[in-house]
Amino acid sequence: MKAWWESLATRERALVSGGLAVTLAVLIYVLVWEPFQVSHRRLQQSVAEQRADLAWMQQAAQDIQRLSGTARPRSDGRSLLTVVDQTARAAGLGAALKQITPQGEDKLSARLDAVEFDKLLPWIGTLEREHPIVLINLSVDRTEISGLVNARLILQGTRP
């Protein structure tokens, strides 16, 4: 290789050296610089998208806090058992309410037999909407009489 280089004229050496320098510069650009730039642009775009997501999440969190503070019903001092019993009677479910069993301070199970399904669901909605009560479990079995069901509920009072 050294003999070949020395056999070249000065002008040819300059051309080969220049060609080698250009080739090396193109290889560095294609193999190093361009992939770096593509990756950099992709990361900048990803950061911008994540910042937009973060701004949306922060706004949604503020909305949730604002809504949860105003939408959560307050306890009126009555026990969970009393609220369930009184609202069931007010909804016309008193005769169907067969058993209410406390399960600790803030939880109870209720059994309703031969209750009208069309009255049961609005009553449950009223409990959750107007009182600090959450439905944990609902089991409904239909009866032989059309429109009537047997229901078992587990309700939990939420602390204000």
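**Histidine 131, helix H3 and the overall fold**

Histidine 131 sits in the loop between H4 and S3. In this predicted model, its relative accessible area is 11%, so histidine 131 counts as buried. One of its partners is threonine 87: the two touch, although they are 44 residues apart along the chain. Their C-alpha atoms are separated by 9.9 Å.

That pairing leads straight to helix H3. Threonine 87 belongs to this helix, which runs over residues 80-90. What does threonine 87 touch, leaving aside residues up to four places away in sequence? The list is Trp123, Leu127 and His131. Threonine 87 has a relative accessibility of 12%, and because the cut-off for being buried is under 20%, it counts as buried.

Threonine 87 has company in H3, where the buried residues are Leu80, Val83, Val84, Thr87 and Ala88. Around the helix axis they cover an arc of only 120°, so they lie on the same side of H3. The spacing fits a general rule: an α-helix has 3.6 residues a turn, so residues three or four places apart point the same way. On the other side of H3, it is a matter of exposure, with Arg89 and Ala90 both exposed.

Which elements help to cover the buried residues of H3? The cover includes helix H4 (117-130) along with four strands, namely S1 (97-102), S2 (107-116), S3 (133-142) and S4 (148-157). After H3 comes glycine 92, and its phi is positive, near 85°.

Strand S2 brings in another backbone detail. Alanine 114 lies in this strand, and its phi is near 50°, a positive value in a residue other than glycine. As a rule, most residues other than glycine have a negative phi. Is alanine 114 buried, partly exposed or exposed? With a relative accessible area of 45%, alanine 114 is partly exposed, because that class falls between 20% and 50%.

Helix H2, covering residues 10-71, is home to phenylalanine 36. The relative accessibility of phenylalanine 36 is 46%, so this residue counts as partly exposed. How far apart in space are phenylalanine 36 and valine 16? The C-alpha to C-alpha distance is 29 Å, for a separation of 20 residues in sequence.

Stepping back to the whole chain, the secondary structure comes to four helices and four strands. Along the sequence these follow the pattern α-α-α-β-β-α-β-β. The C-alpha trace spans about 115 × 40 × 25 Å along its principal axes. The radius of gyration is 37 Å, whereas a compact globule of 160 residues would have one near 15 Å.

Burial and contacts round out the picture. Of the 160 residues, 19% count as buried. Among contacts with a separation of 6 or more, 51% are between residues 24 or more positions apart. The chain exposes about 11,700 Å², and carbon and sulfur atoms supply 58% of that area. As for charge, there are 19 positive and 17 negative charges, and their mean positions are 5 Å apart.

Conventions: Residues are numbered from 1 along each chain as its sequence is written. This is a predicted model: local features need pLDDT of at least 70, side-chain atom pairs count only at pLDDT 80 or more; totals for chains, interfaces and linings use all residues. Side-chain values use heavy atoms; hydrogens and water are left out. Helices (H or I, at least four residues) and strands (E, at least two) are DSSP runs, numbered from the N terminus. The radius of gyration is taken over C-alpha atoms; the globule rule is 2.2 Å times the number of residues to the power 0.38. Buried means under 20% relative accessible area, exposed over 50%, partly exposed in between (1.4 Å probe, protein chains only). Contact means heavy atoms within 4.5 Å. Accessible areas come from the Shrake-Rupley method with a 1.4 Å probe; for residues, only the protein chains shown count as cover. Lys and Arg count as positive and Asp and Glu as negative; His and the chain ends are not counted. The place of a charge is taken as NZ of Lys, CZ of Arg, CG of Asp or CD of Glu. The arc is that of the directions from the helix axis to the C-beta atoms.
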